[in-house]
Amino acid sequence: MDYTTLLQLLDSTLRLATPLVFACLAGLYAERSGIFDIGLEGKMLISAFFAAGTAAGTGSVWIGMAAGIAASSSLALLHGVASITFRGNQLVSGIAINFLASGATALIGQNWFRLGGQTPLLDRDSRFSQIELPFADAVSSIPVIGPFYIETLSGHSILVYCALVAVPTTWWLLYRTRFGLRLRAVGENPEAVDVGGISVAFLRYRAMLICGLLCGMGGAYLSTGLAGGFIRDMTAGKGFIALAALIFAKWQPVPALYTCLLFGFLEAASIRFQNLEIAGIAIPVQLMQVLPYILTVILLAGFMGRAVPPRAGGTPYVKER
Amino acid sequence: MAAEAIDTASRKPAAPAIELRNITKSFGSIRANRNVSLTIERGTIHGIVGENGAGKSTLMSILYGFYRADEGEVRIHGIPTPIPDTRSAIRAGIGMVHQHFKLVHNLSVLENIVLGAEDDFILERSLTRARSLLLDLARDHQLEIDPDAIVEKLSVGLQQRVEILKALFRRADILILDEPTGVLAPSEAERLFAILRGLKNEGRTIVMITHKLHEVMAVTDTVSVMRRGEMVTTCRTCETDAGKLAEFMVGRKALFRVARDSAEPGERVLDIQDLSVVGRRGNEAVRRVSLCVHRGEIAGIAGVTDNGQAELLEALGGIRPATGTIRIAGREIDCSRRAASARSMHEAGLAHVPEDRQQLGLVLDFRAWENMALGYQHRFRRPRSRLLMDISALQDLTADRMRRFDVRPTNPSILAGRLSGGNQQKLVVAREFGNAPSVLVVGQPTRGVDIGAIEFIHRQIVALRDAGAAILLVSMDLDEILALTDRVAVMFDGRIVGERITAETDATELGLMMAGVVTESLQ
């Protein structure tokens, strides 16, 4: 494998990791506030649909993304109402949201576009365009770093850079602000927050809104950045991979970036090396494709030490006995 | 801080710090507080004592805005102050140290203290200001602590200190402590009392909820007793004594006496030697207790809640390991960590009516006949089958026992949770008494049970005694002890501090012993 191949591989790693980073951070806000959210998948899916559909209709990718975020946030609020206000089972609510998103996108898609649940292929203008980073010419002469800058870092859509910026932003919010302290506290011991005179419910709703926003951006990226339209069930388990990445990362933002990049890399490799032969034995492409899942199982089973979730996670807060 | 406290005083010098007027609070059908009124002068330490479930914690949670009262008024420094939530309580200068600390275990001391009182969106600025304030507080009140320590790494004594600092940090001028010494070692408790006296001398008002009478005597200026949601009495600590308080706590309700002949004790059936039991919190809850119960005798254990009775019961029931020896009818039962089991106790002929019927006695989501099998399920196998239970026989037996023990409605398929409290208890009694045990261990058999059921259960206990069983009755209710037992031992601080023939003692003497005033060794 030469250097150019590696750079291309890293380039697609970054693309493929982006929806994971969005979803993983979305899950981080929800779970840090004490709400398990397995509906990341559904929220991304519905956003992907509405982003592509609206972009196709209006011709504006930005309006598309806004529609995607709005759709994703309403599902996030629905999950919030079910699990915060009505103290429902968070797993059930999350599963319901996944089914709802999968069914609703197919149904509405067929009804609107008559393309078997897909949206029309988006033209260049209604997709996120690639951004060439500045100073490409200036660094092109530098060996190693120059090509890395041009091939790998530069030439992505704005949402890829948004995802990369969202990681330190989340870190700063979580560890350096009042909101972050309260968020960390409410996921561990909501009573401590309550006796401190802060509303547990309001705090959790805010976390769910951020979760909806981030899932919306991830979904919009899938259908209007990475691909040129919406395909049925196009999230293909990314929401669940993101949850696994969140556990790997022990609910911390910077490790979350690393694990998402790792998963992105594995996916990129499985696409790049469809017919890989090692020592004369052909590795079936399916094996490459399941590698992220196998890795998840192995790492979770014992190679990473104990991942302790937020203590109050999954349990509705009930004050009166 | 001290200067500020005096400020508030100068506003309305004569007004008491806290005035609660006719507070009522219900949880569903349970009335936790009934028309409670209480006045506490500023600059004093006030104790509120009472059994578990007497309504002390509920009352203080209302004062702290954690629960909302259904009726009643709160006045702080003479001013009517509605306290709909904790934020208003904090604003009114009230701080509370809960029995179970409300701390976030994986945050630092400093982060826990500022949580909810951060004055700046950027955390660092709040923390910096808080750090210097915290160090001042710590120095002024001898409450030294490392601000950067992670809370879960601290001892419980230090965690409590964090809670106190949290309240002081919020400029609390009234400090409520709920069972503050429950988790503390004696030396830590002494230090806490010194701190409380210091806070009092600065003009702060302190309310302490406890059921440990000697602490009330040692540290408070005034004291109130609560029982069953009502305020029974309030007086100056120096004008009362622990014995009187114990009597107020356990109550002197007019109770019928069960007609009973005097006991005819036979040979020793239950023989306990040097039994020690480690409690839920890892403390030594029962300390080298020796006790025996004879055939045809009811022995009682009296005491104020949380003096080791619960753990003693659990050890005898086989559900908590113990050291020492337990003999039943001369045979030694292994009660070590490896071997302790409820089944081996059952097989030795011991039946156990646990203190808490809803937690240990029944599965509320199970039907009556399913509950009837619990703990005895291996006795209901079908003939020649190791796997299948004989359900119809079990149902017939349940119907029969429900009739015999007056469980209403007499429907073996009713969910236990649908029965009233008294009938739930009678169902447990039916299961445990129905097997004609040679030893019966009963904890609080009539707690939260209506008068009719009390009478019925008492009669069943006496009948079982007359049939030749050895009965050990643990109760916080002195009247029950006096009405039923032939002999009574008093537990205090994990030890048996005295033993009396029931006919030769009275509530006053037992009350003194329960308060730990008379310490007399029995053997």
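What follows is a conversation about two interfaces in a predicted model.

Colleague: Why is the pair Arg182(A) and Glu118(B) called a salt bridge?

Modeller: The side chains of Arg182(A) and Glu118(B) come to 2.5 Å, N to O, and because the rule asks for a side-chain nitrogen of Lys or Arg within 4 Å of a carboxyl oxygen of Asp or Glu, the pair qualifies. Across the interface of chain A and chain B the rule finds three salt bridges.

Colleague: What makes up the side of chain A that touches chain B, by element and by class?

Modeller: Helices α7 (158-176), α8 (178-188) and α9 (190-195) of chain A each supply at least two residues of that side, and α8(A) gives the most, with seven residues. By class, the side of chain A that touches chain B divides into 11 nonpolar, four polar and 11 charged residues.

Colleague: How do you know that chain A and chain B are in contact, and how much area is buried between them?

Modeller: Contact requires heavy atoms within 4.5 Å, and 26 residues of chain A meet that condition with 33 residues of chain B, so the two chains are in contact. The area buried between chain A and chain B is about 2,500 Å², with carbon and sulfur atoms giving 57% of that area. Between these chains the count is 12 residue pairs in polar contact, both residues being at pLDDT 80 or more.

Colleague: Turning to chain B, what are its domains, and how far apart do their C-alpha centres lie?

Modeller: The domain assignment of chain B gives domain 1 as 15-93 + 208-251 and domain 2 as 268-522, and the C-alpha centres of these two domains lie 33 Å apart.

Colleague: With centres 33 Å apart, how do you know that domain 1 and domain 2 of chain B are in contact?

Modeller: The test is heavy atoms within 4.5 Å, not the spacing of centres, and because 13 residues of domain 1 of chain B pass it with 15 residues of domain 2, the domains are in contact. The area buried between them is about 1,100 Å², of which carbon and sulfur atoms give 60%. His211(B), Glu247(B) and Val250(B) supply 39% of the area that domain 1 buries against domain 2, more than any other three residues.

Colleague: How many salt bridges and polar contacts does the interface of domain 1 and domain 2 of chain B have?

Modeller: The rule finds zero salt bridges across the interface of these domains, and the count of residue pairs in polar contact, both at pLDDT 80 or more, is also zero. On the side of domain 1 that touches domain 2, α8 (213-219) and α9 (242-250) of chain B are the elements that give two or more residues, and α9(B) gives the most, with six residues. That side has five nonpolar, five polar and three charged residues.

Methods: Residues are numbered from 1 along each chain as its sequence is written. Chains are lettered from A and ligands numbered from 1 in the order in which they are written. This is a predicted model: local features need pLDDT of at least 70, side-chain atom pairs count only at pLDDT 80 or more; totals for chains, interfaces and linings use all residues. Side-chain values use heavy atoms; hydrogens and water are left out. Domain bounds come from an automatic or database domain assignment. Buried area is the accessible area (1.4 Å probe) that two parts lose on being put together, summed over both. A polar contact is a pair of N or O atoms within 3.5 Å; within protein, one must be able to donate a hydrogen and the other to accept it, and residues adjacent in sequence count only if both atoms are side-chain atoms. Helices (H or I, at least four residues) and strands (E, at least two) are DSSP runs, numbered from the N terminus. Ala, Val, Leu, Ile, Met, Phe, Trp, Tyr, Cys and Pro count as nonpolar, Asp, Glu, Lys and Arg as charged, and the others, Gly among them, as polar.
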